[in-house]
Amino acid sequence: MSRAWKFGESLNTDEIIPARFNLTIVPQELAQKVFCEVRPDFAPGVQPGDVVVADANFGCGSSREHAPIAIRGAGVKVVIAASFARIFFRNAINIGLPIMECPAAAEGIEDGDEVDVDLTQGKIYNRTRSTEFQAAPLPPFVLKISEAGGIVNFLKTHDVEELTA
Amino acid sequence: MGTLVEEIFSRRLGRTVSAGEIVMVDVDAIMSHDNTTPLAIKAFSEIGKPIRDTSKIVIHFDHAYPAPNQLAAENQQKIVRFIQQQGIDNFYHRGVCHQVMIEEGFVRPGGIIIGGDSHTVTYGALGCFSTGLGSSEIGAAWVTGKCWFKVPETILVRLEGTAPAGVYSKDVMLALAGQLGMDGATYKSLEFAGSYIDALPAHARIVFSNMSVELGAKCGLIAPDQTTLDYLATETKAQAPFEQFTAVNPRYERTITIDVSTLQPMVACHPDVDQVKPLTEIAGLTIDQVYLGTCTNARYEDLEIAAGILKGRQVSRFTRTLVTPASQTIYEKAMSAGLIQIFLDAGCTVNAPGCGACIGRHGGILAPGERAFTTMNRNFIGRMGSAEAEIYLGSPAAAAATAIEGRIADPRPYLA
């Protein structure tokens with residue numbers, strides 16, 4: 001069982017991890033500062049397996065990969081959002097942070113709710129409110145990267161052309 | 001055939017591609033900087049395969065340069081060692097990466113460039129498809145020389161008419177941001193056209209492409225025309241001949257039309273780029289720091305506009321006014337033309353070219369409760385230091401007028 005941490009609309013990468021903390025690339029160090037300005041209680045309170053839930057345009061702003069790395073470094077199992085900004089979407093897939101796009105879930109989950117997810121089926125369960133949601137499926141070639149655990153792992157054993165083959 | 005973005009991908013692949021298709025393309029340049037290169041090196045090392053073509057790799061030091069602390073210095077030391085080990089020729093510390101990419105001739109109409117920086121979209125103003133990616137994909141592209149894209153749908157932005165005095169491309173772009181919102185173009189291509197764009201000099205067009213990512217766009221394109229070719233020939237090292245193309249029978253997702261003759265100076269207010277108001281509505285708000293800089297608005301012509309207003313005047317005593325030319329080339333040109341002297345005489349601080357203050361790294365960090373007026377493209381919470389500071393975005397002219405008065409000020413009275 002995982003606690004949901006709820007965020008609003010257009011949460012930008014400066015709010016996920018301010019640029020001044022990006023001099024490190026160590027996930028655990030980044031995780032100590034994740035959401036530090038918009039949600040100072042997050043980093044000390046988050047438990048491994050917790051879930052981040054947000055409204056539309058999550059991760060807008062800069063291209064910094066430090067943002068999804070910081071979230072993953074904090075032990076977050078999945079980010080569920082009504083929609084994702086495009087670079088954040090790619091970055092999350094590329095570094096192996098699971099994401100689920102589901103406007104209904106973003107609306108139907110409140111901060112502190114208990115949430116379960118089935119990543120392979122795209123199912124989201126709100127145990128607190130006994131509701132269930134279906135996330136949008138990932139495109140097949142994106143799934144190839146995701147299933148490999150990210151672009152780095154994919155390219156260790158595959159040619160890039162296999163993505164679109 | 002199709003929109004500008006469809007045309008660029010179709011030309012590259014030698015077949016007609018349409019919005020919605022997933023394409024794998026060779027890229028012309030793979031750009032990164034001191035902030036995003038360390039993670040790219042990590043990804044590259046983990047993949048464990050050789051670089052495909054070192055001539056495509058372009059690395060800049062601009063985000064924390066000169067290094068403001070030891071951690072930044074150590075990052076840059078690692079990057080330099082990597083550049084030396086791999087025999088990478090394209091290494092620059094001449095200013096903000098996007099301006100240097102243009103000046104050094106990497107940006108060409110019909111080109112495809114990826115960059116480890118969200119403002120890589122800047123090159124669209126010169127008819128080049130360019131977009132920002134994360135570091136792992138930069139490291140991956142060093143190995144593959146390629147990148148995948150979903151060809152985006154396009155929103156056509158028609159900008160018509162002549163802007164009144166005191167209204168610049170920044171004001172027009174802010175007006176659009178206010179209208180479209182921060183996710184108004186997510187995953188889309190923005191195509192800027194219309195009589196206003198046709199008549200606009202290339203340096204001012206760049207503002208639209210630069211800020212297209214603030215609306216979520218994948219790219220912000222302007223069809224290359226004679227203005228583009230003249231700019232490339234005179235202001236950059238890019239060698240002719242250049243591709244020329246336009247949208248052919250394009251199908252747009254939608255069209256937005258703005259009559260720029262009705263606009264007035266605009267400001268994006270704390271804390272988001274789409275919190276846009278006419279400047280007159282917030283005129284008088286006290287300002288602790290003015291920052292004329294960044295990849296958005298620190299080109300020579302921007303400095304010239306600001307210097308025209310500051311000449312023979314003094315900036316307000318309690319308003320620190322920072323001028324950061326976007327590149328060394330611009331710095332030199334501004335110095336030769338006497339602009340730097342005007343800034344110094346007016347009481348401004350002239351910084352070394354780079355990104356520092358824009359991302360709260362160094363050279364202009366804000367204290368809690370302070371308020372900045374800048375020519376930047378982002379005003380997010382904590383962007384320039386304290387999360388309790390406020391950032392307002394406007395044109396170079398508005399920045400100069402604000403510096404003089406110490407409060408947000410209308411530039412128009414200074415233009416007479």
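Just after helix α5 of chain B, B:Gly145 takes a positive phi of about 70°. The model in which this glycine appears is a predicted one. The helix that precedes B:Gly145 is mostly covered, since nine of its ten residues are buried. The buried residues of α5(B) are B:Ser135, B:Ser136, B:Glu137, B:Ile138, B:Gly139, B:Ala140, B:Ala141, B:Trp142 and B:Thr144.

The meeting of the two chains is the next topic. On one side, 44 residues of chain B take part, and they are in contact with 36 residues of chain A. Helix α5 (135-144) is among the elements of chain B that each supply at least two residues to this side, together with β1 (22-26), α2 (37-47), α3 (70-86) and β7 (146-150). By character, the residues on the side of chain B that touches chain A divide into 18 nonpolar, 15 polar and eleven charged.

Chain B itself has two parts, domain 1 (4-258) and domain 2 (268-414). Taken over C-alpha atoms, the centres of these two domains of chain B are separated by 24 Å. The contact between them takes 31 residues from domain 1 of chain B and 31 residues from domain 2 of chain B. On the domain 1 side, α4 (97-103), α6 (169-180) and α8 (202-211) of chain B each supply at least two residues. Of these residues on the side of domain 1 that touches domain 2, the largest share, six residues, comes from α6(B). This side of domain 1 of chain B divides into 14 nonpolar, eleven polar and six charged residues.

Two further helices of chain B can be followed in a similar way. In helix α1 (residues 4-13) of chain B, the buried residues are B:Leu4, B:Val5, B:Glu6, B:Glu7, B:Ile8 and B:Phe9. What covers them includes the strands β1, β5 (112-115), β6 (129-132), β8 (154-160), β9 (189-193) and β10 (219-221) of chain B. Just after α1(B) comes B:Gly14, which takes a positive phi of about 70°. In helix α13 (residues 328-336) of chain B, B:Thr329, B:Ile330, B:Tyr331 and B:Ala334 are buried. These buried residues of α13(B) pack against three helices of chain B, namely α4, α12 (300-310) and α14 (339-345). Just after α13(B), B:Gly338 has a positive phi of about 85°.

Attention now turns to chain A and its strand β3. In a regular strand the side chains alternate between the two faces of the sheet. Strand β3 (residues 78-81) of chain A is covered on both faces, with A:Val78 and A:Ile80 buried on one side and A:Val79 and A:Ala81 buried on the other. Strand β2 (residues 51-54) of chain A runs parallel to β3(A) and is joined to it by four bridges. In this pairing, A:Ala54 stands opposite A:Ala81 of β3(A). The two strands, with helix α4 (residues 66-73) of chain A, make a right-handed β-α-β unit. Strand β3(A) is also joined by three bridges to strand β4 (residues 99-101) of chain A, and these strands run parallel. Here A:Ala81 stands opposite A:Glu101 in β4(A). From β3(A) the chain crosses through helix α5 (residues 86-95) of chain A to β4(A), and this β-α-β crossover is right-handed.

Strand β3(A) also leads into the nonpolar interior. The largest nonpolar core has 195 residues, of which A:Val79 and A:Ile80 touch the most other members. Why does this core lie between domain 1 (4-258) and domain 2 (268-414) of chain B? It lies between them because both domains of chain B give residues to it. Leaving aside residues up to four places away in sequence, A:Ile80 touches A:Val51, A:Val53, A:Met100, A:Cys102, A:Ala105, A:Ala106 and A:Ile124. A second, separate core of five residues includes A:Leu23, B:Phe61, B:Ala64 and B:Ala72.

A residue of another kind of setting closes this account. A:Gly8 is found in the loop between β1 (2-7) and α1 (13-16) of chain A. Is A:Gly8 buried or exposed? A:Gly8 is exposed, because 12 other C-beta atoms lie within 10 Å, and a residue counts as exposed with 12 or fewer. The C-alpha atoms of A:Gly8 and A:Pro137, which are 129 residues apart along the chain, are separated by 23 Å.

Technical notes: Residues numbered from 1 in each chain as written. Chains lettered and ligands numbered in written order. Predicted model: local features only at pLDDT ≥ 70, side-chain atom pairs only at ≥ 80, totals over all residues. Contact = placed C-beta atoms within 7 Å. Nonpolar A, V, L, I, M, F, W, Y, C, P; charged D, E, K, R; others polar. Buried ≥ 20, exposed ≤ 12 C-beta atoms within 10 Å, placed from the backbone. Domains from an automatic or database assignment. Pairing = 2+ DSSP bridges. Right-handed = clockwise from strand over helix to strand, strands pointing away. Core = buried A, V, L, I, M, F, W, Y, C linked by C-beta atoms within 7 Å.
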